[in-house]
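Hi there,

Here is the structure I promised to pass along. Have a look at it first, and then read on for what turned up.

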Amino acid sequence: MNCLFIYNPVSGRGKIAKREQEIVAALQKKFGQVDVYATKGPGEVTGVVRERAGGYDALVFAGGDGTFNEVLQGVCESGADPMLGYIPGGTVNDIAHTLRIPRKTEKALAVICGGHCERLDCMRANGHYAMYVVTAGAFTSATYSAAQTQKKKFGRLAYGFEGLRKNMHFDVFPVTVRGGEQEIAAHTVLILFINGQYVAGMHCNRRGNVQDGAIECAVVRQKANPKFFAKLRALFTVARLFLFGYRHGGRNVLRAQGSRFTIETDEGVVWNFDGERGTPGNMTVEVLAGRVNMLVPAPKKKK
């Protein structure tokens, strides 16, 4: 077998770059031939994976949720289906938490070298791809607008600082969400489509499953022209949603579940795909069941 190892040298404060030789040695024991590619800038991974994924049995990558998203774009666009191995090296690592992939490099390598594969769902959103969340509204720009220097210095708190700096006014926008026989029409400050369990480091969708062919939708309802106390309630609703979970967000959280949704909204509403800036305006979000061939921890044996 052969393997391509891709890593982001600056993600996770550069810890992967320091351990490159150790990682490659472990992968060589498993796969034999290992080629290495260190990224030089954001967005580069997608092109590399799109061009080269078809020539490898396995594609192992290290970085944060943004790197994972770039790999996913490249794999889906190429039509290739290599085994994917992930070494978390980012600030939050939401995908790794959902998949139970350890943050420690040696333990993540043990998962990859253990060789247990599962077929996982991902999402397609207006021709782009996302593994765990498609979202728009309050705080969602913080994940891609926070400076890398701040993320290195403060970790996940950098996202909180950026969100408070830019998003406290809580813009209100209309949405009409249709999925199957379900329809939600409301004004909102935040809308999420979740495939998995973790978003922004919070365990907000505890029953989420990346193998059930479905995604969960949450819409935080708000008045079209809210006064101060309505804005304050929206803030508490968002906090409750993330702290206590999708099913306990309160009566101002409208929920739906399905495999395909269409969303009508304003042209100025910018979407976020797995923490990366996405496209604006109307959106179609659908599940691609079993599209991702992922090396994950083996199921725990029942006693």
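Below are some notes on a helix pair, the salt bridges and one arginine. Please keep in mind that this is a predicted model.

Let's start with the helices. H2 covers residues 20-31 and H6 covers residues 105-114; their axes come within 10 Å and cross at roughly 15 degrees. Angles under 35 degrees count as roughly parallel, so H2 and H6 are roughly parallel to each other. The crossing of H2 past H6 is right-handed. On the H2 side, the residues that meet H6 are Ile23, Ala26, Leu27, Lys30 and Phe31, and their partners in H6 are Thr105, Leu109, Ile112 and Cys113. Sorted by class, this contact has seven nonpolar residues, one polar and one charged.

Next, the salt bridges. The whole structure has nine of them, and here are some you may like to find on screen.

Aspartate 81 and arginine 119 meet through their side chains, with 2.9 Å from N to O. Aspartate 81 sits in the loop between helix H4 (65-78) and strand S4 (83-88), while arginine 119 belongs to strand S5 (residues 117-125), so this salt bridge ties together parts that are 38 residues apart in sequence. Both ends are partly exposed: aspartate 81 has a relative accessible area of 39%, and arginine 119 is at 36%.

Glutamate 286 takes part in two salt bridges that I'd point you to. With arginine 124, the N to O distance is 3.0 Å. That pair links distant parts of the chain, as glutamate 286 is in strand S15 (residues 283-295) and arginine 124 is in strand S5, 162 residues apart. Arginine 124 is partly exposed, at 27% relative accessible area. With arginine 260, glutamate 286 has an N to O distance of 3.8 Å. Here strand S12 (residues 260-265), which holds arginine 260, is linked to strand S15, and the two residues are 26 apart. Arginine 260 is also partly exposed, with a relative accessible area of 45%.

There is a network as well: salt bridges link Arg19, Glu22 and Glu106.

Finally, what does arginine 221 contact, leaving aside its neighbours within four places in sequence? The answer is His187, Arg251, Asn252 and Leu254. Arginine 221 lies in strand S10 (residues 215-221) and is partly exposed, at 35% relative accessibility. Its C-alpha atom is 7.0 Å from that of leucine 254, and the two residues are 33 apart along the chain.

Happy browsing, and do write back with any questions!

Best wishes

Definitions and conventions
Residues are numbered from 1 along each chain as its sequence is written. This is a predicted model: local features need pLDDT of at least 70, side-chain atom pairs count only at pLDDT 80 or more; totals for chains, interfaces and linings use all residues. Side-chain values use heavy atoms; hydrogens and water are left out. Axes are lines fitted to C-alpha atoms, for helices over the stretch in contact, and angles run from 0 to 180 degrees between N-to-C directions. Helices (H or I, at least four residues) and strands (E, at least two) are DSSP runs, numbered from the N terminus. Angles under 35 degrees count as roughly parallel, over 145 as roughly antiparallel, 65 to 115 as roughly perpendicular and the rest as oblique. A crossing is left-handed if the near helix is turned anticlockwise from the far one by less than a right angle, and right-handed if clockwise. Contact means heavy atoms within 4.5 Å. Ala, Val, Leu, Ile, Met, Phe, Trp, Tyr, Cys and Pro count as nonpolar, Asp, Glu, Lys and Arg as charged, and the others, Gly among them, as polar. Buried means under 20% relative accessible area, exposed over 50%, partly exposed in between (1.4 Å probe, protein chains only). A salt bridge is a side-chain nitrogen of Lys or Arg within 4 Å of a carboxyl oxygen of Asp or Glu.
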